[in-house]
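Student: Hey, I've got a structure to look at with you. Can we go through it bit by bit?

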Amino acid sequence: MSNPGQAGGVSPERVRAAADALRASCCLVVLTGAGVSKESGIPTFRDALDGLWAQYDPALLATPRGFRRDPRLVWDWYQYRRTLIAQAQPNPGHLAIAALERHLPRVVVITQNIDGLHVQAGSSDVLPVHGDIRLNKCFANCQGDPTLVDISALEWDAEAGPPRCPHCGAYVRPAVVWFEETLPPDASDRAFALARAADVMLVVGTSGVVQPVASLPFLAHEHGATIIEINPSRTPITRLADWFLDGPAGVVLPQVVAALAEEGEGGHA
Ligand code: OAD
């Protein structure tokens, strides 16, 4: 259902309508997925040709079972992704999301991305519900969940696998949420509370198939929020959307923020 050739092709009327809905918002929640970072050079998961899960098996690389089976493979794969992410810069989509804070009273970003690019772009309230690839923790969480481990101080033989936890000797793993794991309770509780309280939810670049995050737009909609979706392809969320802007985030979001800035000139107090 993708719309090749739609880049920048959203009509000015729909861009303005989305900007109008945002302008009326007092509690905006922006929910993002891998699509928002694609234009920074970070692959998505489910795009048919270049998505990570088209090339790699998530059961082997992103589950506790996979890590137990082959810790070195999983560690090396995350090290590879860390290298990609370390080279990436926020793109105009991330910057536009950060710029929303100049026009609206309250903006919170809930992201499934583990790349840190929203914070780097200047968003001040970011809830990374799937963790942060730049952090590591003990696989056994021996000192409580999460037992974060600073690997910069450790020496280990990379040929032999991941570093070991200095407290208990278990392997160290990336501090991200894998399949078959639950979200950290604090992050999950806050995400659900935000979805219930949002008056507008802006959903950007997620396929909307991974739970529990995929249920957040449905919860927001049930509680009366206006749903705006930006994605080059339709998703299960699209049928809820009051406004669906079908294009890449790095093109469409700056247009929406420009419309918000233009018509809001004179400003919101
Ligand atoms: P997906 O890869 O499932 O979906 C990416 C979405 O981004 C798709 O709907 C694309 O159409 C859309 N997209 C592609 N290019 C875009 C662009 N330039 N601008 C806007 N949208 C674009 O990624 P997520 O929905 O984030 O979890 O995946 C959710 C979770 O599944 C991830 O956090 C990860 C993954 O497995 C774990 O690793 C636990």
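Student: Let's start in helix H1: why are Asp-20 and Arg-23 about one helical turn apart?

Tutor: Because Asp-20 and Arg-23 are three residues apart in helix H1, about one helical turn separates them. A helix here is a DSSP run (H or I, at least four residues) and a strand is one too (E, at least two), numbered from the N terminus. Asp-20 also makes a salt bridge with Arg-23, with the closest N and O atoms 2.8 Å apart. Salt bridge here means a side-chain nitrogen of Lys or Arg within 4 Å of a carboxyl oxygen of Asp or Glu.

Student: Okay, and how many salt bridges does the structure hold?

Tutor: Eleven. Before we go on, this is a predicted model: local features need pLDDT of at least 70, side-chain atom pairs count only at pLDDT 80 or more, and totals for chains, interfaces and linings use all residues. Residues are numbered from 1 along each chain as its sequence is written, and side-chain values use heavy atoms, with hydrogens and water left out.

Student: Got it. What does helix H1 lie across?

Tutor: Helix H1 (residues 12-23) crosses strands E1 (28-32), E6 (200-204), E7 and E8, and runs at about 130° to E8. Axes are lines fitted to C-alpha atoms, for helices over the stretch in contact (heavy atoms within 4.5 Å). Angles are taken between N-to-C directions, from 0 to 180 degrees.

Student: In what order do the strands of the sheet come?

Tutor: The order is E3-E2-E1-E6-E7-E8, six strands in an open sheet with parallel pairing. Two strands pair if DSSP finds at least two bridges between them. At the edges sit E3 (126-128) and E8 (243-245), each pairing on one side only. On average, neighbouring strands of this sheet are turned by 15° against each other, direction ignored.

Student: How many bridges join E7 to E8?

Tutor: Three bridges join E7 (residues 226-230) to E8, and the two run parallel. Ile-228 stands opposite Trp-243 in E8.

Student: New topic: how is the chain divided into domains?

Tutor: Domain 1 is 1-42 + 88-130 + 183-269, and domain 2 is 47-86 + 133-176. Those bounds come from an automatic or database domain assignment. Taken over C-alpha atoms, the domain centres are 29 Å apart.

Student: What area is buried between them?

Tutor: About 730 Å², with carbon and sulfur atoms giving 50% of that. Buried area is the accessible area (1.4 Å probe) that two parts lose on being put together, summed over both. In domain 1, Lys-38, Ala-88 and Ile-114 lose the most area to domain 2, together 56% of what that side buries.

Student: Which residue forms a salt bridge with Lys-38?

Tutor: Asp-50 does, and the closest N and O atoms are 3.6 Å apart. The count between domain 1 and domain 2 is two salt bridges.

Student: Last thing: where are the cis peptide bonds?

Tutor: One joins Asp-145 and Pro-146, with omega about 0°. Pro-146 is in the loop between E4 (131-138) and E5 (172-176). Asn-141 is in the loop between E4 and E5 as well, and has a positive phi of about 45° although it is not a glycine. Another cis bond runs from Gln-211 to Pro-212, with omega near 5°. Pro-212 is in the loop between E6 and helix H10 (216-222).
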